[in-house]
Amino acid sequence: MKLFYATLAGGALLLATTSAMLPPPGPPAPLQPVQSIALGTHAALAGTIQLTDRNTVLLLTDTETPNIHLQCLDPKGKTVWEANVERYQRDRYADNFKAIGELFLPPKSKESQAQLEQLHLAKLVAMQVLSEGNTIYTVERLEERALKKLPKGSPLKAGQVHVHRIDGQGKVSKVIFDGRPQLESRKSEQYCLGRYVDGGGYVEIMRVTNKREETEEYFLDHYDQASGKVRREPFTLPVHPKQPGGMNFFKEWFQDWAYLGHRPNQTYFVRRVLTTAPEQKPGQQPLVYQVLTTDDKGATTGNFSTILGLDKGTAPRSSGDISNLGELDHIPFYYTHSAGRSSITYDGWDNNTGHTGSFWLDYATGDVIIYGEYDEEELPTASRLYDLKGYFQRRYAADGSPKEQVQLKYGEAMRAKKKNNLFAGGFNMYYRRQTRFHLDPLSKQAQYSFWLNSVYGSDEMIDMFITPDMKYKRYDYANKINGPEHLYTVVMFPQHFWLYKNSFDAHDYRVYERAGADEPPVYAALEKLRRSSGSQMPFHEFHLMPTGDGNGLVVERKTPVGGSLQVYTF
């Protein structure tokens with residue numbers, strides 16, 4: 001419930017390399033303390049973003065007031081400017097905590113539950129934070145259900161968009177927009193697919209549909225800071241294949257365009273389709289992964305399609321739940337299953353194609369990584385449960401040129417003494433099996449993790465590591481992962497945005513128990529700090545920002561609200 005503030009390449013076999021076989025981590029890298037930032041009783045670190053000049057901006061909220069305090073740190077950890085903006089909405093029961101919370105469940109005490117509630121109140125839900133170069137934009141759209149708390153005569157209106165612009169010196173300006181352009185037909189509906197800033201302004205990617213007339217249109221809504229007006233420009237995306245009707249299993253598959261992300265004058269759209277020609281039938285040819293790019297006016301600048309080129313006799317399969325990382329987002333495609341007097345509504349993205357491999361945008365290079373898991377069938381299948389045989393990862397340039405690739409088979413050593421469900425994929429596993437992909441900004445190695453939700457009785461987790469040139473490195477195995485004997489270190493990696501999306505999971509982070517001896521030493525240093533605070537600090541986390549040449553900045557948060565933040569360099 002929103003609340004309003006009262007004030008306003010070839011199948012390599014995975015070897016039995018586990019963390020138990022690795023030598024203990026070397027001496028921790030020296031973390032140099034720079035400053036301690038005291039927080040008010042109700043203040044919290046709600047997020048961090050990193051700018052082009054390698055400065056880091058802390059987004060500090062207050063659970064009792066609408067104030068958001070921005071504090072900018074230079075690469076040496078010194079404060080260079082501070083600014084304040086206000087927000088109007090908050091979410092008392094934000095539900096996007098599950099991804100991290102599933103791995104380090106806080107003790108079930110009244111104190112920890114109260115802390116969790118305060119953490120939710122402190123979140124920036126309803127406000128988007130984006131940046132272009134060294135300029136930050138905060139964007140908040142006022143929702144009608146929140147306005148019910150307003151006093152009579154308030155100038156605020158439902159649909160208004162409040163945009164703050166904070167320049168590279170911390171100077172704040174604000175523009176209030178009346179809202180999105182009105183639709184010509186009451187039978188039409190509009191949805192926001194993605195958002196970004198470019199050319200000095202905020203932009204929303206909109207889809208307008210009319211189900212009765214079976215039309216679908218796309219627009220770019222430019223929020224012009226100078227005029228205070230919204231300029232709507234149409235653009236074209238290729239239509240998605242027609243969904244099969246009747247009792248065909250594939251009628252529920254998600255084949256619409258999703259938004260992957262934005263680089264300067266380059267917007268990425270992605271999708272997975274069952275057919276690419278009218279005469280084709282779903283399930284009779286491989287699933288096709290497509291990437292399309294446009295410029296800031298919506299003109300197509302590139303596109304490519306791939307069936308991934310996995311080993312003969314293998315095909316990508318649903319991993320259960322793959323997090324939608326970065327800006328990756330979609331407009332839900334709902335359908336309902338009825339059984340007797342009861343019915344359940346699903347999003348086709350969640351129950352099928354949305355978790356059959358996923359996309360990751362490398363903002364530094366413009367490359368697209370497609371990763372996921374496979375089994376030993378060559379075509380899409382109606383099966384809802386199957387045994388996953390291995391992992392794949394492919395890197396493509398924006399024009400579709402293939403770069404590095406790897407396909408790894410889960411070996412018998414990995415499977416030995418592991419619960420079978422740990423390797424079970426399929427649409428039935430969406431609520432049970434979770435996965436996580438992470439590309440480390442320091443070592444450039446990839447990490448792919450999978451585990452089962454604790455409510456289903458599993459207590460195992462596997463972390464696989466892939467080198468920057470996509471060679472298998474090692475895997476770590478842990479059991480009883482939610483037991484008191486385990487203590488995890490959580491490291492957040494700020495990007496140039498801090499978003500709350502339809503599909504959540506925007507934030508890039510890593511969770512680990514033991515840092516590897518072959519990893520950058522800073523991870524062992526953070527692990528040491530985490531262990532020094534013990535299990536009584538379940539919300540302890542670090543925000544790590546590389547600043548170049550192996551150096552970086554770390555901000556440590558021990559409690560969800562109040563206390564202080566410790567700033568280090570390494």
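Visitor: What makes β19 and β20 a hairpin, and which residue in the turn has a positive phi?

Guide: In this predicted model, β19 and β20 form a hairpin with five residues between them, and G298 in the turn has a positive phi of about 90°. Strands here are DSSP runs (E, at least two residues), helices are DSSP runs of H or I with at least four residues, and both are numbered from the N terminus. Residues are numbered from 1 along each chain as its sequence is written. Because the model is predicted, local features need pLDDT of at least 70 and side-chain atom pairs count only at pLDDT 80 or more, while totals for chains, interfaces and linings use all residues, and side-chain values use heavy atoms, with hydrogens and water left out.

Visitor: How do you know that β19 and β20 pair?

Guide: Two strands pair if DSSP finds at least two bridges between them. β19 and β20 (residues 300–306) have six, in the antiparallel sense, so the criterion of at least two is met. T294 stands opposite T300 in β20.

Visitor: Which residue of β19 is the bridge partner of Y268?

Guide: The partner is T293. Strand β18 (residues 266–273) and β19 pair in the antiparallel sense over seven bridges.

Visitor: Why is β19 called largely enclosed?

Guide: Buried means under 20% relative accessible area, exposed over 50%, and partly exposed in between (1.4 Å probe, protein chains only). Seven of the seven residues of β19 (residues 288–294) are buried, so the strand is largely enclosed by the rest of the structure. V288, Q290, L292 and T294 point one way, and Y289, V291 and T293 the other way.

Visitor: What makes β3 and β37 edge strands?

Guide: Six strands form an open sheet in the order β3-β40-β39-β38-β35-β37, with mixed pairing. β3 (32–38) and β37 (509–512) each have a single partner strand, so one side of each is left without a neighbour in the sheet.

Visitor: Why is the pairing in this sheet called mixed?

Guide: Strands of a sheet pair through backbone hydrogen bonds, either parallel or antiparallel. β35 and β37 pair in the antiparallel sense over four bridges, whereas β35 and β38 run parallel, joined by two bridges. In β37, R510 is the bridge partner of V491; in β38, H543 is that of M492.

Visitor: How do you know that both faces of β35 are covered?

Guide: T489 and V491 on one side, and V490 and M492 on the other, are all buried.
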